[in-house]
Amino acid sequence: MDGSPEYGLVLCSQFLPGEDTVARFDEQLEQVRYARDAGFSSVWATQHYLADPFQYLHPLAVLSRIVPESGDMRIGTAITLMALGNPVDMAEELATIDIVSGGRLTVGAGLGYRDVEFDAFGVPGTGRLRRFLDNLDVVRRLWTEDEVTFSNDAVRLDGVRPVLRPVQRPHPPIWLAGHTDRALRRTARMGHPWLAAAAHVEKEYLYQQVATYRNACAEAGRDDAEVHVLQEIYVGETDESAVEDVRAALTVKYDAYRAWGQDQVLPPSQSFDVEFDKLRKGRFILGGAESCRAQLAELVDRVGPGHILLRPQWPGMPQEQVMASLERLTDEVLR
């Protein structure tokens, strides 16, 4: 595909109850090696805590383990829930991963939306955005400043002198996720690239959001309105078989998202509370190679993303199907 963006692999570190997590994670290492050898530019791990009904591996541990398998691919979080942790801990963990990987880390960061996570970490409902912004700022300062003073209701830093630094200077790239207009305008004002989760909204709504973000960048005097997209994809033998191959796994995944309330921050038109055959249209790239090529080409044409992060697996999906899809993707769609 001429003029294509860079492509990354998003790992599905979400396993069904009772699955052998060691065996399933070994399969993910196989996917990383395949992506490395096939010329993918990056590999990504995602995050949720208390992720019932899934066994959900922590992304920073996953990224640390895949460093030896990843060649020269970049590694990244898609996303880190920046409001939940202590910023000192996050700054040092992320700096360590950047060091271990030789300076290949990209940090995708987001606010999050699940009450169970905020409650578990003691983040009050009225202070979530403030905690997110504070933590993001403190992490960046700990990476770049010689002395840091900061105080809020959760953190006190009194002239601390951070010594541990990431390899990348001034710091690893930071992309911000979010899907409300307010989040997009805030991302534009702060000068960060936007990481869009394409499968969370219908494609026409995504295109509207891209325009909202780029207009906000222009209003902020920015000429670097970078958009990157996380996209669910499965390349089957035919259009019909592709849908049936993934119906069960994607249904489990988005039933959980609906129960978690992921779509409640969006307009009612973007609700996940619909039948699968309606939900999948305009959100997921599913089909035979020709169909997937056309859908990706439309995404590239309408969005102009710098990177497309492709997730080819969902909870319970057999490794044989994942690898067959990846082979069709690299051999018949991306070449």
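# A walk through the predicted model

At 0% relative accessibility, Ser70 counts as buried, and this residue of the predicted model is a convenient place to begin. Ser70 belongs to the loop that runs between H2 and S5. Setting aside the residues within four places of it in sequence, Ser70 is in contact with Val32, Arg36, Val43, Ile75 and Arg104.

The helix that comes before this loop, H2, covers residues 59-66, and its buried residues are Pro59, Leu60, Val62, Leu63 and Ile66. Viewed down the axis of H2, these buried residues fall within an arc of 160°, so they line one face of the helix. A general point about helices is useful here: an α-helix has 3.6 residues a turn, so residues three or four places apart point the same way. The buried residues of H2 pack against helix H1 (21-38), strand S3 (42-45), strand S5 (74-81), helix H3 (87-100) and strand S6 (105-110).

Strand S5, one of these packing partners, also holds Ile79, and the peptide bond that joins Ala78 and Ile79 is cis, with omega at about 20°. A cis peptide bond also joins Arg169 and Pro170, where omega is about 0°; Pro170 is placed in the loop between strand S8 (156-160) and strand S9 (174-177).

Another backbone feature is found at Leu50, which has a positive phi of about 45° although it is not a glycine. Leu50 lies in the loop between S3 and S4, and with a relative accessibility of 54% it counts as exposed.

The aromatic rings come next, and the structure holds nine aromatic pairs. In one of them, the rings of Tyr49 and Phe121 have their centres 4.8 Å apart and their planes at 55°, so the pair is tilted. This pair links distant parts of the chain, since Tyr49 lies in the loop between S3 and strand S4 (55-56) while Phe121 lies in the loop between helix H4 (115-120) and helix H5 (128-144), 72 residues apart. Tyr49 is partly exposed, at 24% relative accessibility, and Phe121 is likewise partly exposed, with a relative accessible area of 34%. For Tyr254 and Tyr257 the ring centres are 5.0 Å apart and the planes stand at 75°, so this pair is edge-to-face. Tyr254 and Tyr257 are three residues apart in helix H8 (residues 239-260), and they are therefore separated by about one helical turn; Tyr254 is buried, and so is Tyr257.

These two tyrosines also belong to a wider group, because ring pairs link Phe54, Tyr254, Tyr257, Trp260, Phe272, Phe276 and Phe284 into a cluster. At Trp260, a member of this cluster, the charged end of Arg114 sits over the ring, 4.2 Å from its centre.

Two members of the cluster, Phe54 and Tyr257, are touched by Gln14, which also touches Gln55, Tyr56, Lys253 and Pro315 when residues up to four places away in sequence are not counted. Gln14 lies in strand S2 (residues 14-15) and is buried, with a relative accessible area of 2%. Gln14 and Gly316 are 302 residues apart in sequence, yet in space they are 8.6 Å apart, C-alpha to C-alpha.

Leu111 offers another link between separate stretches of the chain, for Leu111 and Ala183 are 72 residues apart in sequence and 9.4 Å apart in space, C-alpha to C-alpha. Leu111 is located in the loop between S6 and H4, and it is partly exposed, with a relative accessible area of 26%. Apart from its neighbours within four places in sequence, Leu111 is in contact with Leu81, Ala83, Phe118, Arg128, Leu129 and Phe132.

The last stop is a pair of packed helices. Two packed helices are described by the angle between their axes and the distance between the axes. Helix H6 (residues 181-190) and helix H7 (residues 203-219) pack at an angle of about 35°, with their axes 8 Å apart, and H6 passes H7 in a right-handed crossing. Where they meet, H6 contributes Asp181, Leu184, Arg185, Thr187 and Ala188, while H7 contributes Gln209, Thr212, Tyr213, Ala216 and Cys217.

Notes: Residues are numbered from 1 along each chain as its sequence is written. This is a predicted model: local features need pLDDT of at least 70, side-chain atom pairs count only at pLDDT 80 or more; totals for chains, interfaces and linings use all residues. Side-chain values use heavy atoms; hydrogens and water are left out. Buried means under 20% relative accessible area, exposed over 50%, partly exposed in between (1.4 Å probe, protein chains only). Helices (H or I, at least four residues) and strands (E, at least two) are DSSP runs, numbered from the N terminus. The arc is that of the directions from the helix axis to the C-beta atoms. Contact means heavy atoms within 4.5 Å. Rings of Phe, Tyr and Trp (its six-membered ring) pair if their centres lie within 6.5 Å; planes under 30 degrees apart count as stacked, over 60 as edge-to-face and the rest as tilted. A charge sits over a ring if NZ of Lys or CZ of Arg is within 6 Å of the ring centre and within 35 degrees of the ring normal. Axes are lines fitted to C-alpha atoms, for helices over the stretch in contact, and angles run from 0 to 180 degrees between N-to-C directions. A crossing is left-handed if the near helix is turned anticlockwise from the far one by less than a right angle, and right-handed if clockwise.
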